[in-house]
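Colleague: I am new to this structure and should like to learn how to read its features. May we go through them in turn?

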Amino acid sequence: MAEIHKEVYGMAVATDLYERLAAHGITRRDFLKFCGTLAAVMGLSQTAVPQIAAAVGEAAGSGLYPALWINGAACTGCTESIAQATQPNVADIVLDILSLPQMETVMMASGEYAEKAGEEYAAANKGKYILICEGAVTEMLDGNVLRIAEKPYVEILQHYAEGAAAIVAVGSCAVDGGWVRAYPNPAKATGVKAYLDANISNPKKRPPVVNLPGCPVNPLEIIAVVVNVLLTGDLTKILKDPVKELNLDRQNRPKYLYGSTIHDNCERRGHFENGEFVYQFGGQAEADNYCLYAMGCKGPQTYRHCSKLRWNNNMSWCVASGGPCIGCGNFNWVDNNTPFRQRMRRIGAGVIGGPGGLGIAKAGAIVGGVVVVGIGAHALASKATHRIGKNSTLKNEEMKTYDARKLKKKGGSADA
Amino acid sequence: MHKPLKEMHPPVFIVTHWINAVSMLILIMSGLYIHFPAFSGFMGAARGVHVFFGIVIFLNCLVRIVLAFFVKDATTMGTREKELDIRNWLPQKENRHQFFPMLRWYLFMKKDYPISAKYATMQKLAYIMIAVMIIAISYTGFCLWGVTNQLAIFAVGNNLVSGLFGFGGGGSLMPMRVIHYCLMWVLIIISLIHIYIATMHGFVAWRMIFLYKEDPDAGEHVDAPAQA
Ligand code: SF4
Ligand code: SF4
C-alpha cells in the first residue's frame, strides 16, 4: 500500500476501479470530484486527492475490514442515510471496503439464520472486526425495554463490543442517546460509549469508540473515517493510539469532521455578518436567502460539516433548503436545542431539560423589572424618610464612637 | 473648606473603573444584540467587539485585583490617611460589625447610617462579588468562544454544566450559553443597585470615581457613603 500512496493513482490500480465505476455509470471525473470533497472535508489540501484516489482504488471492493452493524433504539434513519442513494454511487464503492455481512435492516437473511450468521462472523473475526452501532442503548428494566432475538440489546451490544477491535457509534442516538433520550427519557437511553464505560470495568477490554454524532449520520462521515484509516494504512498502529491517529477530540469525534461549526462554513454567513436576518418565513428576507439566526438557527453552536458534505447525493442541506439548523450534531440535541425556532433553551419548569418553562428573555425581563421597581420603591421611601441627599448620613465622629463602643476599645479607622 | 476626597480613589483605580464601566456597557449591548438581533445591522462587528471587550474586562479585573495589594487609598471619606486597598476592600475587623446595622438601615429599621470605613461592609462584599462575577462571566464566555472552548480548562466547564443541568455530558454549548446570559442579568442587577446606592447621597461619588474631583459642596457632610 505504501508504494501506491507515493504514486499518483497508478493506472494499474485505477483501471480496475474505473471499470467498476463505469459499470455503475460513474465517470472518472465524478470519482475525483468525490475524492476532492473528501479531501476538503478532512481538511487536507487538494494535493491529497490522488492519494485518496489511490488508497480507495486499491482497497475498493476488497472487503478489507470486517465489520458488523448492529441496531439499538433508533429510527433506522442512519441506515437509510447510508442507503440513501437511488442508484449505486461512489460512496457505495468506498463502503464496500468494509466487509459488512451483518446489517439487520438491509441484509437478506432474517430470524435465526441472521443471528447465527452474525455470531459466526464475529467469532471468526474476533478481535479484528469493527463494530458499527446505530441507535441508543436503553437501560430501562435492565435493558429489557429493547429486546432483539429474545435478548436485551444491552447484552448484544456488550457481547459484540467485547470482541471488537474498535467501535464506531454512528448517529446521535448511538453517541449519546440522541432523540431517544430526550426528556423525560422514559427508556433511560444513553450512548454506546457511556454504557460500555459503565459496564466493562476493565478499561483495557473496552475497544476505542469513534463518535459520529448527527441525526442522521452522513454517509460521507463514515466514509471519511474509512479513508482516514486507509491513508494511515496500518490498523494496528491506529488501534494503539486511535485518539492521535484518527485525530479524535475530547468527545471522541474526528476533529476533521467536527472541528468547525455549521456557521463557520455556512453560505449565508455573509448575511449574518452584515446583520441581515430572516425574521419570519414567507417574506422578502427569506427570498433573499438571508441568515436564519433569528429563526433559531443553531448553526453557531453545532459542530458539523453539513455545508460541505451536504445530503442526498450532494443535493442540498438544511440551511441551503431554507431551514434553520436544529443542531442535530449537538450532544443531547433535542433537549438542548428546543424550541428549535428560538435562540435559546427555555429555563425553569421542573427539570431544566423539560418542556414548557420560561423564555429566557422573559425571565430576564421579569427579574430585571422586579429589581427596577424595588429600587424605585426604596428610593421613594428613602426620600420620604430623608435618607436621600447629602445630609442623610451620620458624622464620622458619631460613627467612630459607635465603632469604638462596638469594639470595646479605642479605634476604628476613621480620621480625626 | 471641603474635606479631602482625592485619596478615596487613586487615579489608577479611576482608570480601571472607567474601563470596567465602558466595557460592561459595550458587552451588555453587543451581547444582547448577539443573543437576539432585534434589528438588522452589524452582527460581525457586534461579535468582534464582544470578544475584544470580554478580554479587556477580564484582564482589567485581574489587574485591579493585583493592584489592590500594592496601591494605597483612603481609609475613609474625607481623610488623607491611607492604607493598602485590599484592607479597605475586604471586611475589616474594625467595621465587620456594621454588616447587620447597615442591612437594617437599608430596610428602614435603623435611623443612623452606620459607616466609618471606606466602604460599608455589605458594599465590600458586593464588590468582591463583582470581581467574582466578572471572572465567572469571562470564564463562561471563553467556554463558548470557538477559539478557546476545546482547551482543557474550558472543556471541563462545558462538560460539567451540560451534565449538571440534565443536558447530558459531551460539552453541549447550550447550557453554557444560558448561564452566560443569566449571569449577565445578575451583573446588570448588581450594577443597577450599585448605581442607585452610589447616588443616594448625591453625586459626590460620581465626581470622585469618574473625574477625580473633590466635591466643593462636600465640606459639611463628607460622611456620605463612599461608593466607588
Ligand atoms: S443560517 Fe445559521 S449557520 Fe448560516 S450564517 Fe446564519 S446562523 Fe450561521
Ligand atoms: S445543518 Fe444542522 S440540523 Fe441540518 S443536518 Fe446539519 S447539523 Fe443537523
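Modeller: The following dialogue takes up the largest pocket, the ligand surroundings and the aromatic pairs. This is a predicted model, in which local features need pLDDT of at least 70 and side-chain atom pairs pLDDT 80 or more, while totals for chains, interfaces and linings use all residues. Residues are numbered from 1 along each chain as its sequence is written, chains are lettered from A and ligands numbered from 1 in the order in which they are written, and side-chain values use heavy atoms, without hydrogens and water.

Colleague: What volume does the largest pocket have?

Modeller: On a 1 Å grid over the protein atoms alone, a pocket is an open set of points where a 1.4 Å probe fits, with protein on both sides within 12 Å along at least five of seven lines; lining residues have an atom within 4 Å of a point. A volume is the space filled by probe spheres set on the points, which are joined across faces, edges and corners. Here the largest pocket has a volume of about 1,100 Å³. Its lining has 42 residues, and those closest to the centre are B:His50, B:Val51, B:Gly141, B:Leu144 and B:Trp145.

Colleague: Where does the largest pocket lie with respect to the domains of chain A?

Modeller: Domain bounds come from an automatic or database domain assignment. The largest pocket lies between domain 1 (64–257) and domain 2 (263–337) of chain A, because both give residues to its lining.

Colleague: Which residues surround ligand 2?

Modeller: A residue is near a molecule if one of its heavy atoms lies within 4 Å of it. Among those around ligand 2 are A:Cys306, A:Cys318, A:Cys325 and A:Cys328. Around ligand 1 there are 13 residues, of which A:His263, A:Cys266, A:Cys291, A:Leu292 and A:Cys297 come nearest.

Colleague: How many aromatic pairs are found over all chains?

Modeller: Rings of Phe, Tyr and Trp (its six-membered ring) pair if their centres lie within 6.5 Å; planes under 30 degrees apart count as stacked, over 60 as edge-to-face and the rest as tilted. The whole structure has 16 such pairs. One of them, A:Trp333 with A:Phe340, is stacked, at 5.9 Å centre to centre and 20° between the planes. The pair of B:Phe142 and B:Phe154 is tilted, because its planes stand at 40°, with the centres 5.7 Å apart.

Colleague: Are these rings buried or exposed?

Modeller: Buried means under 20% relative accessible area, exposed over 50%, and partly exposed in between (1.4 Å probe, protein chains only). A:Trp333 is buried at 7%, whereas A:Phe340 is partly exposed at 26%. B:Phe142 is buried at 15%, and B:Phe154 is buried at 10%.
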